[in-house]
Amino acid sequence: MFKSKADVLLGLTWGDEGKGKLIDIYGSLYHWIVRFQGGPNAGHTVIRNINGRTEVVVLHTIPSSILNEHTKNLIAGNVLINPIDLRKEIEELRDKRLSDVKNLYISNKVQLILPTHKLLDLALEQRRGKNAIGTTGRGIGPAYADKTSRAGLRIGWYTDKQSFNKKVQILAEEHLKLVDLYGFGYDIQTLERQMQEWMDALEFLSSIPKVDCTHVLHSALQSGHKVLVEGAQGTLLDCDMGSYPFVTSCNTTTGGVCAALGLPPQAIGKVIGVFKAYTTRVGRGPFLTKILDIELANKIVQEGSEFGSTTGRKRDPGWIDIPALKYAIAINGVTDLILMKSDVLSGLPVKLCIGYKEDPEKIYLSSQDYEEGAIIPLYEDMASWGDMKNVTEFSELPKEFKIYINRIEELLNVKIKGVSIGKDRTEYIERVPVLI
Ligand code: IMO
Ligand code: MG
């Protein structure tokens with residue numbers, strides 16, 4: 001019998017909702033933070049003020065509570081690790097003396113991304129031409145494809161180095177056959193160097209404990225320990241539920257948590273859904289509420305630093321899409337909402353998409369339904385709000401902003417329990433305790 005439940009925190013849109021900041025804030029209240037999917041395609045930013053200096057850490061594979069030294073951070077088996085990327089993340093944390101990373105654990109089921117997975121990702125994108133997905137180029141699609149086609153490599157297999165090396169060689173050769181078939185050029189010497197760097201990085205990771213993730217979590221919940229599951233990407237990038245084919249290659253939603261961690265549905269507690277005061281999307285795919293006013297879009301991009309923390313690409317901004325959020329809340333079973341980046345819209349005109357003209361009751365449309373210009377969003381104009389700097393209490397927030405969030409709550413029928421009003425972790429207001 002479990003004495004506690006695992007809470008889940010995930011993005012409700014197309015990623016970059018501010019999940020990293022929240023996991024950093026709430027992480028110290030949990031015994032375990034568990035990243036359940038995705039890989040180095042994610043970029044979770046944690047900002048800390050340490051001895052008067054602002055430290056910005058972008059985490060790709062490491063759970064975002066790593067700076068909370070008393071919290072254990074676990075990378076679950078459904079996460080993809082590229083040892084080269086993970087080694088860099090660990091070394092950066094150590095070099096900056098932000099963490100000794102002694103609170104990091106890796107599931108022995110983790111699947112590995114090879115340098116040739118990255119090549120294959122780029123080759124496939126090139127081959128798709130104008131139908132390219134706009135992937136992060138981190139090898140995510142090919143590595144998940146290898147996992148499901150049962151060709152992938154688990155990190156736990158590295159204990160038998162001889163047979164492991166053989167498996168690496170066979171898989172890399174298979175990838176290169178495809179890369180050649182697709183006519184994608186690469187430099188063989190660079191690749192050989194990367195393969196060596198990859199092997200060295202894997203050896204470097206030997207010092208990080210490999211665990212049976214499911215056993216660890218069952219024991220934790222049986223002892224009444226607190227577990228928070230960290231999502232990457234967002235609901236609309238879910239491979240089954242998102243805007244397919246413009247999605248990532250795994251399940252990013254609550255349903256995926258049980259499968260990834262080996263937890264029964266009854267073990268799931270709160271589901272905290274994170275979204276921004278506006279929406280962004282990076283990569284290709286339908287985006288109904290995209291802001292077409294270039295000047296306004298640029299202002300939001302600049303003010304919100306909306307550049308990919310993994311690829312540096314500019315993200316497109318758009319308005320909140322209530323039908324899409326209703327859909328995300330429904331499929332994830334969201335119990336609590338948190339609104340991020342409210343300060344970014346200060347002083348700007350604000351619109352809220354409350355439905356679609358064709359069918360105001362519709363809660364979301366599959367991407368096949370999106371013909372360019374065929375679906376027309378219905379907008380409500382919201383009053384613009386002023387500066388939020390130095391606000392510490394919910395009651396002090398601009399009244400126009402409170403009207404905005406009340407309207408969103410009314411439409412979504414779920415409480416917004418916290419609002420972020422700036423980049424720093426102190427610039428966050430809990431309106432109602434999230435963890436009770
Ligand atoms: P975090 O965790 C935003 C997008 C890519 C592309 C699509 C598929 O920081 O929110 P992939 O490389 O996964 O095959 O790319 O998914 N994408 C993200 N967009 N935030 C992310 O992560 C993303 N991870 C992948 O831009 O459209
Ligand atoms: Mg991100």
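Start where two helices touch: His 117, Leu 120, Asp 121 and Leu 124 of H3 meet Ile 140, Pro 142, Ala 143 and Asp 146 of H4. Sorted by character, the residues of this contact come out as five nonpolar, one polar and two charged. Keep in mind as you click around that this is a predicted model.

Now for the geometry. Two packed helices are described by the angle between their axes and the distance between the axes. H3 and H4 (residues 140-148) pack at an angle of about 115 degrees, with their axes 7 Å apart. That angle makes H3 roughly perpendicular to H4.

Stay on H3, which covers residues 115-128, and look for its other partner here, H5, at residues 161-181. The axes of H3 and H5 come within 9 Å and cross at roughly 20 degrees. Angles under 35 degrees count as roughly parallel, and H3 and H5 are therefore roughly parallel to each other. Their crossing is left-handed. On the H3 side, the contact is made by Thr 116, His 117, Leu 119 and Leu 120. H5 brings Leu 171, Ala 172, His 175, Leu 176, Leu 178 and Val 179. What kind of residues are these? Seven are nonpolar, three are polar and no charged residue takes part in the contact of H3 with H5. His 117 and Leu 120 are worth a second look: they appear in the contact with H4 and also in the one with H5.

Next, move to another helix pair. Helix H2 runs over residues 83-95 and helix H6 over residues 188-204. They pack with their axes 8 Å apart, at an angle of about 55 degrees. That makes H2 oblique to H6. The crossing of H2 and H6 is left-handed. From H2, the contact takes in Pro 83, Ile 84, Arg 87, Ile 90, Glu 91 and Arg 94. Facing them from H6 are Gln 194, Glu 197, Trp 198, Asp 200, Ala 201, Leu 202 and Phe 204. The tally for this contact is seven nonpolar, one polar and five charged.

Follow the chain past H2 and you get to a backbone oddity. Arg 97 is in the loop between H2 and strand E7 (104-107). Arg 97 has a positive phi of about 55 degrees, although it is not a glycine. There's another backbone feature to check at Pro 245, in the loop between strand E10 (227-230) and helix H8 (254-261). The peptide bond from Tyr 244 to Pro 245 is cis, with omega near 5 degrees.

Finally, the ligand. How many residues surround ligand 1? There are 21, and the closest are Asp 16, Lys 19, His 44, Thr 136 and Thr 248. Three of these give you polar distances to look up. For Asp 16, a backbone N or O atom sits 2.8 Å from an oxygen atom of ligand 1. For Lys 19, the side chain supplies an N or O atom, 2.8 Å from an oxygen atom of the ligand. His 44 also uses its side chain, placing a polar atom 2.7 Å from an oxygen atom of ligand 1.

Key: Residues numbered from 1 in each chain as written. Chains lettered and ligands numbered in written order. Predicted model: local features only at pLDDT ≥ 70, side-chain atom pairs only at ≥ 80, totals over all residues. Heavy atoms only, no water. Axes fitted to C-alpha atoms, helices over the stretch in contact; angles between N-to-C directions. Helix = DSSP H or I, 4+ residues; strand = E, 2+ residues; numbered from the N terminus. Parallel < 35°, antiparallel > 145°, perpendicular 65-115°, else oblique. Left-handed = near helix turned anticlockwise from the far one by under 90°. Contact = heavy atoms within 4.5 Å. Nonpolar A, V, L, I, M, F, W, Y, C, P; charged D, E, K, R; others polar. Near = heavy atom within 4 Å. Polar contact = N/O pair within 3.5 Å; in protein donor to acceptor, adjacent residues only side chain to side chain.
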